[in-house]
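Thanks for passing this one along. Here are my notes, set out point by point so that you can follow them with the structure open beside you.

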Amino acid sequence: MIKKTFILLFLLLIAVYLIIAVTTFNAKPEKQTCEGMELVINDSIDYGFITQKEILRLLTKEKISPIGKKMEEINTRQMEDVLKKHPLIGEVECFRIPNGKIGIEVTQRIPLLRIMAANGENYYLDEKGVIMPTANNAANVAVVTGYVDKGFAEKELYELGMFLKKDPFWNAQIQQINVTATKELEFVPRVGDHIIFIGKPGNYEKKFDRLKIFYKKGLNEVGWNKYSRISLEFENQIICTKKEK
C-alpha cells in the first residue's frame, strides 16, 4: 500500500513538473527581448541584390524593426508585408526562433534578361515574366538591345529567356540579343565572330538545334570565324555569309 502511494505521489510530482516546465517554456519566448535577426537570402551567391543591412533599413524606416522589442510585441506578418513591397524581393517569411531572435528568409527575384532598349529603358525581366528594376550588382544574363517595348519583352522575350535558361549550352553561348526595327532577332555569341539571325521570334528549339549541328559539323571544320552572319530564318536551311577579305 505504501509502495503504491509512493508511486502515485512520484507520478503526480512528475506531472506537475512537466506542466510547469511546458508552461514556462511556452511563456518564456514571449517575454524575451529580441536580440537580433537571423537572415537567410536564397540565391545570394548568384544574385546579391538584397543584404541584411538593406532588410534592417527597410524595417527601421517603417518603425517595425524587431531588435530590442519584446517578442510578444513583434508582428511578423507586418514585417513580411513591408518586405514584400521591395521591388527585388519575391517571397519572404518572418518567424520567431527559440534563441531570442527573429528569423527572416528572403527569396530574391531572379533576373532572366537585361533589357537596354533603344528608347532608353533599362530594366530586368524576371523568371516570372515581370519587369524588375536594375540593382547595384549586375546579373550575369544576356543583354537585350534594340527596338524593345515592355509588351514585347514580357511576351516574346520572356519565352526566349526561358528557352535559354533551360539550355545550358545556349545560355552560356548567347551574350547579346538585338531586336531589329521589324521585331526580328539577331544574337551575338560569346564564341565565334559572327551574328546569328533567326528572323521572327519563336521555334527556338528547332532553330537552335539546327545551329548546334552546324556548329559541330560545319564550324568545327572550317573555323569559327569564317562567316560574318549565320541565318536560321528559313526552315531546314542555314544561310551563311562569308567574311569579306
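1. Overall make-up. The chain holds six helices and 12 strands. Please keep in mind throughout that this is a predicted model. Of the 245 residues in the chain, 37% are buried. The accessible surface comes to about 14900 Å², and carbon and sulfur atoms account for 55% of that area. If you look at contacts between residues at least 6 apart in sequence, 54% of them join residues at least 24 apart.

2. The nine-stranded sheet. I would start the tour here. Nine strands make an open sheet with mixed pairing, and their order is β6-β5-β4-β7-β8-β9-β10-β11-β12. Its edges are β6 (131-132) and β12 (239-242), each of which pairs on one side only. Helix α6, spanning residues 204-222, packs on this sheet and touches β8 (174-179), β9 (185-189), β10, β11 and β12. The direction of α6 makes about 150° with that of β11.

3. Parallel pairs within the sheet. Three stretches are worth tracing by eye. Strand β4 (residues 111-117) pairs with β7 (residues 143-146) in the parallel sense over four bridges, and here Ile115 has Val144 as its bridge partner in β7. Moving on, β7 and β8 are also joined in the parallel sense over four bridges, with Val144 standing opposite Ile177 in β8. Val144 is thus a handy marker: it is the bridge partner of Ile115 and also stands opposite Ile177. Further along, β10 (residues 195-199) and β11 (residues 227-231) run parallel and are joined by three bridges. In that pair, Ile196 has Ile230 as its bridge partner.

4. Helix α2. Which residues of α2 are buried? They are Ile55, Leu58 and Leu59. Seen down the helix axis, these buried residues fall within an arc of 95°, so they line one face of α2. As a reminder, an α-helix has 3.6 residues a turn, so residues three or four places apart point the same way. On the other side of α2, Lys53 and Lys61 are exposed. The buried residues of α2 pack against β1 (37-42), α3, β2 and β3.

5. Helix α3. This helix covers residues 76-84, and its buried residues are Thr76, Met79, Glu80, Val82 and Leu83. They cover an arc of only 165° around the axis, which puts them on the same side of α3. Their packing partners are α2 (52-61), β2 (89-97) and β3 (101-108). Do have a look at the start of the helix too: Asn75 caps the N-terminal end of α3, with a side-chain oxygen 3.1 Å from the backbone nitrogen of Arg77.

6. A buried glutamine. Gln108 sits in strand β3 and is buried, its relative accessible area being 3%. What does its side chain reach at 3.2 Å? That partner is the backbone oxygen of Asn42. The side chain of Gln108 also reaches the backbone nitrogen of Ile50, at 3.1 Å. I would check both polar contacts by eye, on the Asn42 side and on the Ile50 side.

7. Two lysines with positive phi. Lys63 is not a glycine, yet it has a positive phi of about 60°. This residue comes just after α2, in the loop between α2 and α3. Is Lys63 buried or exposed? Its relative accessibility is 72%, and since exposed means over 50%, Lys63 counts as exposed. Lys183 is likewise not a glycine and has a positive phi, of about 65°. The loop between β8 and β9 is where Lys183 lies. With a relative accessible area of 25%, Lys183 is partly exposed.

8. Where I would look again. For a second pass, I suggest the packing of α6 on the sheet, the buried side of α3 and the polar contacts of Gln108 with Asn42 and Ile50. The positive phi values of Lys63 and Lys183 also make good places to pause.

Conventions:
Residues numbered from 1 in each chain as written. Predicted model: local features only at pLDDT ≥ 70, side-chain atom pairs only at ≥ 80, totals over all residues. Heavy atoms only, no water. Buried < 20%, exposed > 50% of the residue type's maximum accessible area, 1.4 Å probe, protein only. Contact = heavy atoms within 4.5 Å. Areas by Shrake-Rupley, 256 points an atom, 1.4 Å probe, with all protein chains shown as cover. Pairing = 2+ DSSP bridges. Axes fitted to C-alpha atoms, helices over the stretch in contact; angles between N-to-C directions. Arc of directions from axis to C-beta. Polar contact = N/O pair within 3.5 Å; in protein donor to acceptor, adjacent residues only side chain to side chain.
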